[in-house]
Amino acid sequence: MGIFGWLPRRGPKPATPEAEPEPTLAIYASQPALSAIIVTLIGVDAAQVDEIIDVTNQRFGSRHKIVYLTDSLDFMHFRNRGAIFEYLPSALEQKLHAAEISWNAYLAKRWQLLVSKWQPVHVVSYGQNIDAFLAAAPRMTARNER
């Protein structure tokens with residue numbers, strides 16, 4: 001102890017014969033990472049989302065990490081259940097902002113990034129499947145380009 005009895009001393013600790021050796025690095029066996037499944041909910045009615053989350057969790061939740069991909073801005077279904085989710089702008093949002101961005105290119109790149117990020121072993125679709133959604137995305141025309 002230091003000067004007043006309650007302040008710790010500075011500097012190295014004095015060597016004592018019964019001092020324990022420094023701990024060494026230990027490597028423990030760990031659980032392998034869960035593989036991922038992407039569940040797309042594109043154009044799905046909000047009333048069905050809770051049921052889809054329940055069904056997919058029962059079916060895949062014990063063996064896989066489930067990532068929900070939605071085009072809805074109502075994220076509370078996922079947040080209330082602690083689910084992982086990603087968002088893609090809906091067809092309506094794409095139409096509203098078609099003059100500002102090439103949605104076809106943006107969504108194709110975003111999908112590529114999501115697949116790279118999660119590396120899913122399966123993609124399960126509810127509502128419109130991801131291929132049809134990407135194909136329907138507006139392309140920027142020459143008159144819309146700046």
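In this predicted model, strand S2 is mostly covered, with six of its seven residues buried. A good way into the structure is to start from this strand and look at what lies on either side.

Strand S1, residues 35-42, runs parallel to S2, and seven bridges join the two. Within this pairing, Ala 36 stands opposite Lys 65 of S2. To get from S1 to S2, the chain passes through helix H1, residues 46-60, and the resulting β-α-β crossover is right-handed. S2 also pairs with strand S3, residues 84-87, again in the parallel sense, over four bridges. Here Thr 70 is the residue that stands opposite Tyr 87 of S3.

What follows S2 along the chain? Between strand S2 (64-70) and helix H2 (76-80) there is a loop, and Phe 75 is found in it. Phe 75 has a relative accessible area of 24%; because buried requires a value under 20% and exposed one over 50%, Phe 75 is classed as partly exposed. Setting aside neighbours within four places in sequence, the residues in contact with Phe 75 are Thr 70, Phe 85 and Tyr 87. Two of these, Thr 70 and Tyr 87, are the residues that face each other across S2 and S3. As for Phe 85, ten residues separate it from Phe 75 in sequence, and the C-alpha to C-alpha distance between them is 8.2 Å.

Phe 75 also belongs to a group of aromatic residues. Ring pairs link Phe 75 with Tyr 68, Phe 78, Phe 85 and Tyr 87 into a cluster. How many aromatic pairs does the whole structure hold? A search finds five. One of them is formed by Phe 78 and Phe 85, whose ring centres are 5.4 Å apart; their planes meet at 25 degrees, so this pair is stacked. The two partners are covered to unlike degrees: Phe 78, at 1% relative accessibility, counts as buried, whereas Phe 85, at 26%, is partly exposed.

Another aromatic pair is made by Trp 103 and Tyr 106, with ring centres 5.6 Å apart and planes at 85 degrees, so the arrangement is edge-to-face. Both residues lie in helix H4, residues 103-118, and because they are three residues apart there, about one helical turn separates them. Trp 103 has a relative accessibility of 8% and so counts as buried. Tyr 106, at 33%, counts as partly exposed.

How values were computed: Residues numbered from 1 in each chain as written. Predicted model: local features only at pLDDT ≥ 70, side-chain atom pairs only at ≥ 80, totals over all residues. Heavy atoms only, no water. Buried < 20%, exposed > 50% of the residue type's maximum accessible area, 1.4 Å probe, protein only. Contact = heavy atoms within 4.5 Å. Phe/Tyr/Trp six-rings, centres within 6.5 Å; stacked < 30°, edge-to-face > 60°. Pairing = 2+ DSSP bridges. Right-handed = clockwise from strand over helix to strand, strands pointing away.
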